[in-house]
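Visitor: Hi, could you walk me through this one? I'd like to go through the ligands, then a sheet.
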Amino acid sequence: MQSDDSEQDRPAYPRVFPTGEARKSDHLKAGLCVDFPVSVVLPAGGTGERTGLQTPKQFCPFLGRPLISYTVESFERVSWIQTVVVVVAKENTGLMMDIIQRFQHKKVLVVPGGSTRHRSICNGVAALGEQRRPAAHKPKVVIIHDAVRPFVDEDFLHKIATAAKEQGAAGAIRPLVSTVIATTSEGYLDHSLERAKYRASEMPQGFTYDVICEAYQKCTESDFEFGTECLHLALQYCGTNAKLIDGPPTLWKVTYKRDLAAAESIIKETLSQSACLITGGLEAAVALANVLQKAFGALDMTELNVTPDLMGDNGRYLLEDWNFIKVSVDPFCPSEVEALIVALEAENRALLNPAVIIWMHLSVTEEPSTSRRATESAALIDLASTAKLRNILLYGIRLHQPELVLWESSAKPDKLTLRSLNQICAGNPRQMLNI
Ligand SMILES: Nc1ccn([C@@H]2O[C@H](COP(=O)(O)OP(=O)(O)OP(=O)(O)O)[C@@H](O)[C@H]2O)c(=O)n1
Ligand SMILES: O=P(O)(O)OC[C@@H](O)[C@@H](O)[C@@H](O)CO
């Protein structure tokens, strides 16, 4: 398969990172396994001109993490996917390696891209055939997926991979949003297509390794230069008619600047909406937790679990996607929160998505002096600044309730306080109450 990368331009070996076991937080869906090797090619060698940005869209950050990292994670958390080939422009190889190291992505092969999308995909497919790692088998099925489509789920990948193995090729389709028309050379309407008969071709697509290899071996330079559809190559050069599968609306591609805002909004929505309230077994903290649980429940807000600590079985909260409300009572003691931050870091909990800690400090003694409050706030801000470097977002709320029992009976938190708490628990930075 020749693309424009002459042999001497390509590295002697693709850069390979250790094949990692499934992430701790992997939620493998029961029954979603395949009995044949599947690998993925993520074309990410473009410049993203249509966004109008200097940074190629696949490297634009969302919540401190590049878009491509979300896409890579979508695939690496699927246990039956063997290798994720990321095809990037040669000048971005170093950037991609840094992203892999920083977010500890596994199973990843970095391969240099080409001047067009087809050439990049061709390089990625070729690299799968050249793998020299003992554990890496030549795949039976290759899934091809634009790196700028970060929202893909295991169920749909399973459908595409299975159909590709059976049919030779399979692809995602979506209904057309606008009618397709043909124009005359003078820029007038020539004719329009009956929209009901057509679909938009999306990604992921799947091919048996042999079919996609044959397609790229036989296709023309014009295909490489101007083509946009891998399914067409399979049909044209291998006689393989792809099985088309209706995909979910989340399969859209980030193309324009507006798509970046939409992607960030969706990424935020996928952040954990669950919070674990740690009481330390303190009576006042338990009373507060009961009130919040009722209030959150009544307002259909964040799921709130209450636990005295994170010992024993309660340690599971550290391993899954929970945010935390840590309640402390006088005296003010940052070390309690510091211990939680260290525990989250030890589990790499905030490696990919931010973890949120809300420290609610109950002060039931006399109002602290201004200087003491300033000292305490400074300590908290230092802690928060350090934690943020580890993608852990720390927020502090002080509740001064000389008669805490009132909180249980009458002085229930108002909706604004609860809504702000809920936004914090949902990890939504815009609504967060910074310290
Ligand atoms: N030479 C190229 C061109 C594109 N792509 C990748 O193909 C996917 C879909 O292409 P597109 O959305 O067109 O990305 P760009 O080509 O970067 O966008 P633009 O056309 O706006 O420059 C993207 O992940 C892009 O990085 C690639 O791997 N190699
Ligand atoms: O053409 P672009 O490079 O913008 O994007 C690639 C898309 O064409 C492609 O992802 C789907 O149409 C499926 O082939």
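Visitor: By class, how many residues of the shell around ligand 1 are nonpolar, polar and charged?

Guide: There are 6 nonpolar, 11 polar and 5 charged residues in that shell. Here Ala, Val, Leu, Ile, Met, Phe, Trp, Tyr, Cys and Pro count as nonpolar, Asp, Glu, Lys and Arg as charged, and the others, Gly among them, as polar. A residue is near a molecule or strand if its C-beta atom, placed from the backbone, lies within 6 Å of it. This is a predicted model, where local features need pLDDT of at least 70, side-chain atom pairs count only at pLDDT 80 or more, and totals for chains, interfaces and linings use all residues. Residues are numbered from 1 along each chain as its sequence is written, while chains are lettered from A and ligands numbered from 1 in the order in which they are written.

Visitor: Which residues come nearest to ligand 1?

Guide: Pro43, Gly45, Gly46, Arg50 and Ser120, out of 22 around the ligand. Strand E2 (38–44) and helix H3 (117–130) each supply at least two residues of the shell. Helices (H or I, at least four residues) and strands (E, at least two) are DSSP runs, numbered from the N terminus.

Visitor: And which residues are around ligand 2?

Guide: Arg117, Asp146, Ser201, Glu202, Met203, Thr228, Glu229, Cys230 and Lys253. They divide into 2 nonpolar, 2 polar and 5 charged. Strand E11 (residues 199–208) gives the most, with 3 residues.

Visitor: Switching to the sheet: what order do the 5 strands take?

Guide: The order is E14-E13-E15-E16-E17, in an open sheet with parallel pairing. Two strands pair if DSSP finds at least two bridges between them. E14 (303–307) and E17 (392–400) stand at the edges with a single partner strand each, so one side of each has no neighbour in the sheet.

Visitor: How many bridges join E15 to E16?

Guide: 6 bridges, and the two run parallel. Valine 329 has leucine 362 in E16 as its bridge partner. On E15's pairing with E13 (residues 274–278), there are 4 bridges, and isoleucine 278 stands opposite lysine 326 in E15.

Visitor: Is E15 buried or exposed?

Guide: 7 of the 7 residues of E15 are buried, so the strand is largely enclosed by the rest of the structure. Buried is 20 or more other C-beta atoms within 10 Å of a residue's own, exposed is 12 or fewer, and partly exposed is in between, with C-beta atoms placed from the backbone. Asn323, Ile325, Val327 and Val329 point one way, and Phe324, Lys326 and Ser328 the other way.
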